[in-house]
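User: I have a chain in front of me and want to go through its fold, its cores and a few single residues. Please keep the answers short.

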Amino acid sequence: MKILYRYISWNLIKNFLLLIGFFSIVIVSSQLLHLPSVLYHIGFFKFLQVLFFVNLSFLKYQVFFGFFIASLIVGYSLRENREIYAIYSSGISRGQLISPVLWLSIVFVVVAGVISLFLVPYANRERAQFITVNVKQHILDSISEKNFMKLSERLTIYVDKKNENSMEDIFIYNGNGGLSISAKEATFKGNHIILKNGYIQIPSQEGFNFLKFEKYDFDLSVDYMKKYEFEDLENKKLIEFIKGKDNKQKNRAIAVLTDRVLFTIPFLFIGIIGLLMGIQIEKSRDTLIGIAVIISIIYMTFNTYFIKLIQKGNLHPAIYLIVVIGYFGVILFWLYRKK
């Protein structure tokens with residue numbers, strides 16, 4: 001019995017890891033065209049960091065499909081290789097057969113909870129911050145000598161000499177109010193530029209006013225900001241909204257937390273459903289995978305619909321919990337009873 005359990009568990013985990021690798025390649029490849037073009041010039045290792053965060057953002061669905069399809073492939077292999085007949089002939093019941101998958105399902109519930117509640121929201125926040133900082137830094141780094149460069153709709157900059165973060169004879173024009181700044185020396189510090197020995201020209205009704213300075217800290221922020229969504233807020237922040245008095249924000253926070261927590265529930269079922277589909281339904285592997293994908297798409301469709309209802313305050317999360325358990329429970333019950 002232990003040999004059979006190890007055999008099933010090992011093959012399921014092996015297929016799961018192979019599928020995760022395949023899904024990662026597909027997702028990262030599909031997202032490359034959606035990245036800001038300047039990210040292709042930020043350096044190889046930073047670019048890999050962006051791809052890493054992109055992949056983590058979709059990890060919960062990779063794990064969902066990976067576990068479902070890996071279980072199905074194991075069941076299909078047992079049937080296709082006629083191993084299932086030897087297993088039943090040895091006196092092993094269907095309940096005993098699904099036991100290792102049940103234990104793995106419990107492990108995956110915990111894994112899915114960590115991914116859904118913490119890892120994916122964190123990855124989305126970090127990806128947004130990482131892209132914002134590096135796009136801004138790339139634009140600032142691209143300032144060239146003896147060339148007027150428009151950093152944004154409001155800022156134009158000219159530099160006579162530049163050596164990494166140090167510059168000489170610099171001119172900045174701020175379109176908001178027509179402010180002009182000139183300085184002998186300047187140094188980058190993050191998104192700020194420290195100007196030394198210069199003048200600020202301020203337009204007035206009589207003409208221009210000049211202010212002389214020895215040192216001036218100027219915010220050179222670029223108009224690029226990739227914001228993360230409300231759905232990516234930290235759990236403690238969402239709980240604060242739930243305790244608050246703003247009903248709209250409260251319902252929205254409840255919907256996000258419901259989506260994160262209830263994402264773990266299908267993992268109690270899909271491993272066993274996949275195994276039984278492979279064993280019980282005498283179809284080709286491609287057909288079975290297609291059926292598994294349809295089951296998953298139906299779940300994701302009504303998941304989106306019910307989460308929207310919770311967000312509007314029209315549905316209690318407990319009702320949605322019953323719907324999820326009912327949906328996968330009916331499928332599991334039918335497969336388990338199928339002769």
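User: How many helices and strands does the protein chain have?

Analyst: This is a predicted model. Secondary structure in the protein chain includes both types of element. The count is eleven helices and six strands.

User: What percentage of the residues in the protein chain is buried?

Analyst: The protein chain has 339 residues. A residue counts as buried under 20% relative accessible area. Buried residues make up 46%.

User: Among contacts between residues at least 6 apart in sequence, what share joins residues at least 24 apart?

Analyst: Take the contacts in the protein chain between residues at least 6 apart in sequence. Of these, the share that joins residues at least 24 apart is 61%.

User: Which helix supplies the largest share of the largest nonpolar core?

Analyst: The largest nonpolar core has 65 residues, and Phe64, Phe267, Ile273, Met277, Tyr320 and Phe328 have the most contacts inside it. Helices that each supply at least two residues include α1 (2-31), α6 (99-141), α10 (285-311) and α11 (317-337). The largest share is 13 residues, and it comes from α3.

User: How many residues are in the other core, the one with Ile143 and Ile172?

Analyst: That core lies apart from the largest one. Ile181 and Ile200 are also among its residues. Its size is 18 residues.

User: Which residues does Tyr320 contact, leaving aside its neighbours within four places in sequence?

Analyst: Tyr320 is one of the residues with the most contacts inside the largest core. Its partners, with the sequence neighbours left aside, are Thr258, Leu262, Tyr299, Phe302, Asn303, Phe306, Ile307, Ile310 and Leu315.

User: Is Ser57 buried or exposed?

Analyst: Ser57 lies in helix α2 (residues 44-57). Its relative accessible area is 10%. The cut-off is under 20%, so Ser57 is buried.

User: Which side chain makes a polar contact of 2.5 Å with the side chain of Ser57?

Analyst: A polar side-chain atom of Ser57 lies 2.9 Å from the backbone oxygen of Phe53. Beyond four places in sequence, Ser57 is in contact with Val120, Ala123, Asn124 and Arg127. The polar contact of 2.5 Å between side chains joins Ser57 to Asn124.

User: Which residues form a nonpolar patch on the surface with Leu102?

Analyst: Leu102 lies in helix α6. Its relative accessible area is 38%, so Leu102 is partly exposed. The patch has about 400 Å² of accessible area together. The other members are Trp103, Ile106 and Leu268.

User: What is phi of Arg82, and where is this residue found?

Analyst: At 53% relative accessibility, Arg82 counts as exposed. Arg82 is found in the loop between α3 and α4. Its phi is positive, although the residue is not glycine: near 65 degrees.

User: What is phi of Lys146?

Analyst: Lys146 lies in the loop between α6 and β1 (149-150). Lys146 is exposed, with a relative accessible area of 52%. This residue, other than glycine, has a positive phi near 50 degrees.

User: How far apart in space are Lys150 and Ile172, C-alpha to C-alpha?

Analyst: Lys150 is found in strand β1 and counts as exposed at 54% relative accessibility. Not counting residues up to four places away, Lys150 touches Leu155 and Thr156. Ile172 is 22 residues from Lys150 in sequence. In space, C-alpha to C-alpha, they are 9.9 Å apart.

Definitions and conventions: Residues numbered from 1 in each chain as written. Predicted model: local features only at pLDDT ≥ 70, side-chain atom pairs only at ≥ 80, totals over all residues. Heavy atoms only, no water. Core = buried A, V, L, I, M, F, W, Y, C linked by side-chain atoms within 4.5 Å. Buried < 20%, exposed > 50% of the residue type's maximum accessible area, 1.4 Å probe, protein only. Helix = DSSP H or I, 4+ residues; strand = E, 2+ residues; numbered from the N terminus. Contact = heavy atoms within 4.5 Å. Patch = residues over 30% accessible without salt bridge, like charges linked within 9 Å, V, L, I, M, F, W, Y side chains within 5 Å. Areas by Shrake-Rupley, 256 points an atom, 1.4 Å probe, with all protein chains shown as cover. Salt bridge = Lys/Arg side-chain N within 4 Å of Asp/Glu carboxyl O. Polar contact = N/O pair within 3.5 Å; in protein donor to acceptor, adjacent residues only side chain to side chain.
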